[in-house]
Amino acid sequence: MSLLTISARAGFFAVAALAISACSGGEPEAAFAGSSTATSNAAVQDAPSSVSVDGAALRLILTPTGNAARYRVRERLVGQDLPNDAVGETKSLTGSIAIDSAGRVIRGASRFSVDAGSFVSDKNRRDGFVRGRLLQANQYPTVTLVPTEVRGVTLPLPKSGTAPIEMAGDLTVRGVTRPTIWKGTAQFKDGQVSGSAATAFTFDDFQIEQPRVPVLLSVADTIRLELDFNLVQQR
C-alpha cells in the first residue's frame, strides 16, 4: 500500500508549480506525464466534496514552516559568457493529502496550492515578468497540484528512515491542467514526513510563451519545478 508526498501557498507544486523558468542540463529527475488534460488512474479514488477528513485512513498536512516551491530555468543574459539557472522561490504554500484504507489517494480531499504571485528571484525585473506575463498571477492567483497516486510510502507510516518517493498529480497553471510525475526523497520521523520532489515540463505544455526580452540571449524550453515539504499527520 503506497502513498506520496510533496513540497509545493502547498501544492506541488502546483507547484509546484510555479513561476516559470527551468534548467536544461541533463535529464530532469521527474518528467511531464503526457499531453492529456485529465488523468485516468485505477489507483485514484475520486471523492465528492462531502467526503470528510475523518473518512481517511491517513491525512498529511503541510506545516506552517519548512515548505518551499521553486522554479529553475537555464538562461543566458546579455554580457555573460556562460549560461546560468534563473531561480525563483516562494514559501507561500498550503495543502494536504488524504489516503483511504486501501492506500488510494482520496482526490477530493487532496490538494496543494502555491501563491503564483509570490515567487522571488535575484532580479526584480524577472519577478515582475514572471508574475505578470508568464503566470498572469492577477488572473490566475494560484498554482495547484492535485495528487492522484503515491508510491514509496507504506501505511502505517514508518517511524524513522528515508525512502525514494514518486507521485502522480494533476498540475494546473494559468487554468491549464496537465498530468505530472514528481520524484524525490522522503524522511520519516514519528508521524512527520519531510523531503523534496521535482517535476519538469516545457513552456508549451502549459501554453506559456517562452520569454523573449532584450536582456536575454537565450532561455531553455525546459522548466523545472521543485518542492520542499514538511508534512505532519493529522490525527
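## The two sides of helix α1

The face of α1 turned away from its buried side carries three exposed residues: N124, R125 and R133. This is a predicted model, and the picture of the helix below should be read with that in mind. The buried residues of α1 are R126, D127, V130 and L134. They sit on the same side of the helix because they cover an arc of only 105 degrees around its axis. The spacing is a familiar one: an α-helix has 3.6 residues a turn, so residues three or four places apart point the same way.

Just after the helix comes Q136, whose phi is positive, near 50 degrees. Q136 belongs to the loop between α1 and β8, and with a relative accessible area of 27% it counts as partly exposed. Another residue of that loop is Q139, which is exposed at 55% relative accessibility. If you follow Q139 in the 3D view, look for G175: the two are 36 residues apart in sequence, and their C-alpha atoms are 9.4 Å apart.

## The chain as a whole

Stepping back, the protein chain has one helix and 13 strands. Reading from the N terminus, the order of elements is β-β-β-β-β-β-β-α-β-β-β-β-β-β.

Of the 235 residues in the protein chain, 51% count as buried. The chain exposes about 10600 Å², and carbon and sulfur atoms supply 47% of that area.

## The loop leading into the helix

Two residues are worth a visit in the loop between β7 (111–115) and α1 (124–134), and one of them is S118. Its relative accessible area is 16%, so S118 is buried, the cut-off being under 20%. The side chains of S118 and T90 are joined by a polar contact of 2.5 Å. Beyond its neighbours within four places in sequence, S118 is in contact with E89, T90, S92 and R131.

The other residue is F119, which lies in the loop between β7 and α1 and pairs with Y71 of strand β3 (residues 68–77). The structure holds two aromatic pairs. In the pair of Y71 and F119, the ring centres are 5.7 Å apart and the planes stand at 55 degrees, so the pair is tilted. This pair links distant parts of the chain, its two members being 48 residues apart. Both Y71 and F119 are buried. F201 and F206 form an aromatic pair with an edge-to-face arrangement, at 4.9 Å centre to centre and 70 degrees between the planes. F201 and F206 are both buried too.

## Strand β2 and its partners

Strand β2 (residues 58–62) is largely enclosed by the rest of the structure, because four of its five residues are buried. Four bridges join β2 to strand β5 (residues 93–99), and the two run antiparallel. To find this pairing on screen, start at R59, whose bridge partner in β5 is A98.

β2 also pairs with strand β13 (residues 222–233), in the antiparallel sense and over three bridges. Here L62 stands opposite L231 in β13.

## Strand β8 and its partners

β8 (142–151) follows the loop that starts after α1. Eight of the ten residues of β8 are buried, leaving the strand mostly covered. With β7, β8 shares four bridges in an antiparallel arrangement, and D115 has T142 of β8 as its bridge partner.

β8 and strand β9 (residues 160–173) are also antiparallel, paired over seven bridges. V146 stands opposite D170 in β9.

## Backbone details to look at

Most residues other than glycine have a negative phi, and most peptide bonds are trans. Where does this chain depart from that pattern? One place is the peptide bond from L155 to P156, which is cis, with omega near -5 degrees. P156 is in the loop between β8 and β9.

Q136, mentioned above, is not a glycine yet has a positive phi of about 50 degrees. D190 is not a glycine either and has a positive phi of about 50 degrees. D190 is found in the loop between β10 (176–189) and β11 (192–202). Is D190 buried or exposed? At 59% relative accessibility, D190 counts as exposed.

Note on methods
Residues are numbered from 1 along each chain as its sequence is written. This is a predicted model: local features need pLDDT of at least 70, side-chain atom pairs count only at pLDDT 80 or more; totals for chains, interfaces and linings use all residues. Side-chain values use heavy atoms; hydrogens and water are left out. Buried means under 20% relative accessible area, exposed over 50%, partly exposed in between (1.4 Å probe, protein chains only). A polar contact is a pair of N or O atoms within 3.5 Å; within protein, one must be able to donate a hydrogen and the other to accept it, and residues adjacent in sequence count only if both atoms are side-chain atoms. Contact means heavy atoms within 4.5 Å. Rings of Phe, Tyr and Trp (its six-membered ring) pair if their centres lie within 6.5 Å; planes under 30 degrees apart count as stacked, over 60 as edge-to-face and the rest as tilted. The arc is that of the directions from the helix axis to the C-beta atoms. Two strands pair if DSSP finds at least two bridges between them. Accessible areas come from the Shrake-Rupley method with a 1.4 Å probe; for residues, only the protein chains shown count as cover.
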